[in-house]
Amino acid sequence: MAFEPPQRLVRALGETAPSGDDWLEKLPEVAQQAVDLSELTVERVQVPGGRSSLVVLVRRADGTPAVLKLAPRRARPESERAALARWGGLGAVQLVEPFAGEGVLVLERLHPDVSVRSLPEAKALLEAAGTLRRLWVEPPGDHAFETVAERTGRQARVMRDSGSGSGGAEVASLVSAALEAREALLAAPPEVRLLHGTFRQSKVLAAERVPWLAVGPDPVVGECAFDLARLVRDRVEDLIATPSGASTTRRRIKRLAESLDVDQERLRGWTLFRAVESGVRALRVGRPRDAELLLEFAGWL
């Protein structure tokens, strides 16, 4: 089978790939090796797929459906493997093979075309939040997961450079506010939990064991409000398109904070930081429309 990467993946990796990276070129060979090693039968490549990995629908030697996921090192697949092992299927997709090669995961098959985004907005937020709560467990004592302070520190350094670039005074002001919020939030985090790291509605898929399970973590260790912040801006294009978008966002922050016992102001602060970081990154890689939406949203906070 020709393991042709979807164009969505090609474009996304093209925005972030370091010079000399040849992961995409080697992908067909690596995928075939993984299939042979785990005795898998390939059905098809999932399209449009994700932005950081190739997802292939397969069957295991005993005929059970599964998913083969291959990701480059910069997508931290080994960190994902460790988090999925820690969760053990509680709230998240299960590993069905503990190790299938570096950067290779073999996972239980969910329903890849059915996420909670298919539900009405209020119901989708409720189901997503309930799934996220189950993931917030104590990290292992000897863990090697990146911390929120480390990840946002890398992001903050890039934001400082970008904030003084071509974004203009308005972007610079948002960057300054986001960086100040980060410093205040890191001063006294209320808890330390294993977090999904990139949680949103599209990361929650329909399943057989339970109605919904999370997929695609980029795990990080820190406070719960950081994890919940990305969910606040879900369907941002719809929020921006409505006259009541700003007030709807404030109500969403209040509702999510109360339902998951998270401090409302801390959730607002991390939502601001993450929205500005994403907006500045979108500007940097040439996605001005995405940047405009994200930065307008951040301005409401």
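These are my notebook entries on a few helices, ring pairs and nonpolar cores in this structure, which is a predicted model.

**Entry 1: helix α4**

I began with helix α4, which runs over residues 121–135 and has 15 residues. From its first C-alpha to its last I found 22 Å, close to the 21 Å expected at 1.5 Å a residue. Next I asked which residues of α4 are buried. They are Ala124, Leu125, Ala128, Ala129, Thr131, Leu132 and Leu135. These cover an arc of only 165 degrees around the axis, so they sit on the same side of α4. On the other side of α4, I found Ala122 and Leu126 exposed.

What do the buried residues of α4 pack against? I noted three helices and three strands by name: α3 (77–87), α7 (224–232) and α9 (245–259), along with β6 (193–195), β7 (204–206) and β8 (212–214).

**Entry 2: helix α6**

I tried the length check again on helix α6, residues 168–187. Its 20 residues should span 28 Å at 1.5 Å a residue, and the end C-alpha atoms are 29 Å apart, which agrees. The buried residues here are Val171, Leu174, Val175, Ala178, Leu179, Ala181, Arg182 and Leu185. Their arc around the axis is only 160 degrees, which puts them on the same side of α6. I then looked at the other side of α6, where Ala169, Glu180, Ala184 and Ala187 are exposed.

**Entry 3: aromatic rings**

How many aromatic pairs does the whole structure hold? My search of it finds three. One of them joins Phe226 and Trp270, edge-to-face, with 5.2 Å centre to centre and 90 degrees between the planes. This pair links distant parts of the chain, since Phe226 is in helix α7 and Trp270 is in helix α10, 44 residues apart.

Buried or exposed, I wondered about Phe226. Phe226 counts as buried, because its relative accessibility is 2%, and buried means under 20%. Trp270 also counts as buried, at 1% relative accessibility.

Trp270 forms an edge-to-face pair with Phe273 as well, at 5.9 Å centre to centre and 90 degrees between the planes. Trp270 and Phe273 are three residues apart in helix α10, so about one helical turn separates them. Both Trp270 and Phe273 are buried. I could therefore draw Phe226, Trp270 and Phe273 as one cluster linked by ring pairs. I also spotted Arg274 lying over the face of Phe226, at 4.2 Å from the ring centre.

**Entry 4: Ser278**

I stayed with helix α10, residues 264–284, to look up Ser278. Ser278 is buried, with a relative accessible area of 9%. Which residues does Ser278 touch, not counting those up to four places away in sequence? I found Arg233 and Leu294.

**Entry 5: nonpolar cores**

I kept a general idea in mind: in soluble globular proteins, nonpolar side chains tend to be buried together. The largest nonpolar core here has 69 residues. Those with the most contacts inside it are Trp136, Leu228, Leu256, Val262, Leu267, Trp270 and Val276.

I picked Leu267 for a closer look and left aside its neighbours within four places in sequence. Leu267 is in contact with Ala225, Leu228, Ala229, Val232, Ile253, Leu256, Ala257 and Val262. A second, separate core has 19 residues, and I noted Leu9, Ala31, Val56 and Val106 among them.

Methods:
Residues numbered from 1 in each chain as written. Predicted model: local features only at pLDDT ≥ 70, side-chain atom pairs only at ≥ 80, totals over all residues. Heavy atoms only, no water. Helix = DSSP H or I, 4+ residues; strand = E, 2+ residues; numbered from the N terminus. Expected span 1.5 Å × (residues − 1). Buried < 20%, exposed > 50% of the residue type's maximum accessible area, 1.4 Å probe, protein only. Arc of directions from axis to C-beta. Contact = heavy atoms within 4.5 Å. Phe/Tyr/Trp six-rings, centres within 6.5 Å; stacked < 30°, edge-to-face > 60°. Lys NZ or Arg CZ within 6 Å of the ring centre and 35° of its normal. Core = buried A, V, L, I, M, F, W, Y, C linked by side-chain atoms within 4.5 Å.
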